[in-house]
Amino acid sequence: MARLLVVYYSLSGNTERIAKRIAEKYDAERVVKIETATPYTGSYNDIVDQGQREVESGFQPEIRFVDAASGKEVNLILDDFDIIAIGTPTWWYTYAPAVSTFLQMFDWNGRTVVPFQTHGGWKGHVMADFKKACGGTALRNKFDIQFDSTGGNTQITSQIDVDVWIKSLNNI
Ligand SMILES: Cc1cc2nc3c(=O)[nH]c(=O)nc-3n(C[C@H](O)[C@H](O)[C@H](O)COP(=O)(O)O)c2cc1C
């Protein structure tokens, strides 16, 4: 079986839920969470506003990688994996600033990347932005998972559809 790495950023848990489901169903080799060095604070609306400013200015926050199983900070070596699934919430129609930092840290040429996004109904141009950021890499089996439109944790996309997508990763 191909060695799969799941890397994700998640502010309120939706993207994390999908990342963990991949790990459970696919038996991912490793799940790594992206954390911002400076946590987001304030109300949801404060963060939505801050996110808008960050996306519009192209801000790339300092990040660290945390192994989801051990909770320990890790160095990420992409060469150890055959498939890299990258999960992000949608922030102002693109990927979250923390994922922007992550994408510009590595050379994606020749890698197999599976991008997935969670969102509240406005998917934006996340996948086109992944394509730009990943340069010469073909994106495989991209997928989006809709949650409720108020920033909550109710999943709208059916779990069956999510699991069918995860199963499809075996055919890459
Ligand atoms: C700063 C910010 C911007 C957002 N922008 C969008 C958007 O453009 N389109 C959309 O459908 N949802 C948007 N949302 C909602 C999130 O994408 C959605 O709730 C997502 O599932 C959250 O994932 P998480 O729980 O992993 O953080 C935004 C949320 C935040 C905090």
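Here are some informal notes on the ligand site and its pocket in this predicted model.

1. Where the ligand sits. The ligand fills the space of the largest pocket, so the two can be read together, given that a molecule counts as sitting in a pocket if more than half of its atoms lie within 2 Å of its grid points. The volume of that largest pocket comes to about 580 Å³.

2. Who is around it. The shell holds 22 residues, with S10, S12, N14, T15 and T90 coming nearest to the ligand. Sorted by class, twelve of the shell residues are polar and ten nonpolar, while charged residues are absent from the shell.

3. Polar contacts worth a look. On the side-chain front, S12 places an N or O atom 2.5 Å from an oxygen atom of the ligand. The backbone takes part too: a polar backbone atom of G120 is 2.7 Å from a ligand oxygen, and a ligand nitrogen lies 2.9 Å from a backbone N or O atom of W92. As for cover, the ligand on its own has 650 Å² of accessible area, and the protein covers 94% of that.

4. Which elements build the shell. Four elements each contribute at least two residues around the ligand: the helices α1 (14–26) and α2 (44–57), plus the strands β4 (83–91) and β6 (112–119). The biggest contributor to the shell is α2, which supplies four residues.

5. The pocket lining. Counting the lining of the largest pocket gives 26 residues, and those nearest the pocket centre are Y44, T90, W91, G120 and G151. Two or more lining residues come from each of α1, α2, β4 and β6. Again α2 gives the most, with four residues in the lining. By class, the lining has 15 polar residues, ten nonpolar and one charged.

6. Residues to keep on screen. T90 is one of the residues that come nearest the ligand, and T90 is also among those nearest the pocket centre. G120 is likewise listed near that centre, and its backbone makes the 2.7 Å approach to a ligand oxygen.

Definitions and conventions
Residues are numbered from 1 along each chain as its sequence is written. This is a predicted model: local features need pLDDT of at least 70, side-chain atom pairs count only at pLDDT 80 or more; totals for chains, interfaces and linings use all residues. Side-chain values use heavy atoms; hydrogens and water are left out. A residue is near a molecule or strand if one of its heavy atoms lies within 4 Å of it. A polar contact is a pair of N or O atoms within 3.5 Å; within protein, one must be able to donate a hydrogen and the other to accept it, and residues adjacent in sequence count only if both atoms are side-chain atoms. Accessible areas come from the Shrake-Rupley method with a 1.4 Å probe; for residues, only the protein chains shown count as cover. On a 1 Å grid over the protein atoms alone, a cavity is a set of points where a 1.4 Å probe fits but cannot get out, and a pocket is an open set with protein on both sides within 12 Å along at least five of seven lines; lining residues have an atom within 4 Å of a point. Ala, Val, Leu, Ile, Met, Phe, Trp, Tyr, Cys and Pro count as nonpolar, Asp, Glu, Lys and Arg as charged, and the others, Gly among them, as polar. Grid points are joined across faces, edges and corners, and a volume is the space filled by probe spheres set on the points.
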